Amino acid sequence: MKAKRFLAAFLALAAVFAGGATRIVQDQCGPFTDVTPAFCPYILELYYLGVTAGTSATTFSPDDPLTRGQGSVFVAKGLNQALARSSRPAALGQWWTTTPHWDLGLGVTSLDEGIRQVVSDGTDLWVIRAGTVYRVRASDGRLLETWTGAAGGYGLLAAMGRIFVAGTNGGAVTEGTPGVLYMIDPGQPAGPVTTVATGIGNNPIDLAFDGSRIWVTNPVVPGGSSVAIVTPASSAPWPVTTVTAGFSLPMGITFDGTNVWVADPALGDLLRLDADGAVTQSVHTTTNQFIAFDGANLWVPNPNSVTVVRALDGAIVATLSGNGVSGGNAVAFDGQRVLVTSPNADTISFWNAADLQPLGFVSTGTASLPYFVCSDGLNFWISLGGFGQLVRF
């Protein structure tokens with residue numbers, strides 16, 4: 001009875017996915033000869049969507065018991081279809097998997113050699129190179145504006161309707177040079193950036209936002225590494241709290257909706273932090289860099305693999321190798337796919353986030369150096385540092 005109730009509940013859920021689809025049933029239900037008219041529309045919807053193939057070429061066996069494993073497969077496949085239907089590509093009718101034509105000059109925005117991090121604010125792309133920040137329109141890749149004065153700029157963050165840049169006072173990135181947090185108001189004319197916090201640590205690299213505060217990683221060798229927590233205030237400079245305990249070389253940082261996570265390649269660990277910046281869990285991966293969260297798992301790029309870590313408890317879900325990864329640097333998630341950049345190999349690699357299956361990899365060109373990547377929910381955008389180009393995929 002429990003199995004039948006589960007199946008009935010799942011078929012009701014399928015009715016939602018199906019949009020209340022109905023069909024006239026004659027002698028049989030599609031290929032199935034054992035399905036009643038009441039359940040037929042929903043079972044056919046699952047069949048046509050590829051969620052289930054039945055128990056044989058002509059039977060669905062609606063009264064057979066359903067194991068927890070089978071139920072998990074049904075739900076996962078159904079959710080995948082729901083996500084695909086509600087995505088931005090679906091709304092725009094762009095069901096295809098994007099393929100680049102950079103060799104033809106399509107999907108390319110030329111900036112300057114040495115560009116690094118790229119982030120999306122949902123409408124535009126923001127790219128950093130040394131002290132310059134570029135604003136690029138996502139719809140067509142047009143360079144809109146340029147901000148200056150972000151000395152030593154490296155890390156980027158889009159949060160609270162503003163763009164934040166982590167840099168260093170005077171542009172140096174050596175030990176003893178204080179880090180600076182710059183801010184850009186996209187609603188104002190382009191010009192110099194505004195300094196909102198100082199003393200955020202030496203050589204700031206990456207940023208994250210927890211809904212209230214800005215977190216900055218500061219890897220310094222030898223010694224001096226830290227994570228800075230910046231609290232927005234009504235006037236500058238904003239207060240800064242610096243945490244040093246537990247870090248050796250903090251690099252990539254992200255927020256999963258509950259906790260902040262930091263990748264520390266010197267330790268070979270992914271570190272979970274509490275609200276005060278204290279390390280509460282260490283997950284050993286390997287020499288990791290810049291990380292991303294897909295809503296369930298954290299993706300950690302390594303020299304020749306990608307470690308997938310469950311955010312709920314820090315368990316390692318999988319270690320994925322091959323698929324073009326060599327010297328993995330950064331990760332992005334577009335709602336369905338995960339992209340990993342490998343500047344050492346000049347490749348970008350793809351996986352399906354739901355089932356961790358590889359989707360292949362693409363060469364970005366010799367010496368292109370695809371360091372960083374982000375998604376605007378429609379396209380991936382990769383900064384090719386060697387070419388000085390921002391390219392879409």
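Colleague: In β21, which residue is the bridge partner of threonine 307?

Modeller: Quick caveat: this is a predicted model, where local features need pLDDT of at least 70, side-chain atom pairs count only at pLDDT 80 or more, and totals for chains, interfaces and linings use all residues. Residues are numbered from 1 along each chain as its sequence is written, and side-chain values use heavy atoms, with hydrogens and water left out. Strands here are DSSP E runs of at least two residues, numbered from the N terminus, and two of them pair if DSSP finds at least two bridges between them. β20 and β21 (residues 316–321) run antiparallel with 5 bridges, and the partner of threonine 307 is threonine 319.

Colleague: Which glycine in the turn between β20 and β21 has a positive phi?

Modeller: These two strands form a hairpin with 5 residues between them. The residue with a positive phi of about 80° is glycine 314.

Colleague: How many residues of β20 are buried?

Modeller: Buried means under 20% relative accessible area with a 1.4 Å probe, protein chains only. β20 covers residues 305–310 and is mostly covered. The count is 5 of its 6 residues.

Colleague: And what is the bridge partner of asparagine 297 in β20?

Modeller: β19 (residues 297–301) pairs with β20 in the antiparallel sense over 5 bridges. A hairpin through 3 residues joins β19 to β20. Asparagine 297 is matched with arginine 310.

Colleague: Which strands are the edge strands of the open sheet β1-β28-β27-β26?

Modeller: That sheet has 4 strands in antiparallel pairing. At the β26 end, 5 bridges join β26 to β27 (residues 380–384), with proline 370 partnered by leucine 384. The strands that pair on one side only are β1 (108–110) and β26 (370–375).

How values were computed:
Buried < 20%, exposed > 50% of the residue type's maximum accessible area, 1.4 Å probe, protein only.
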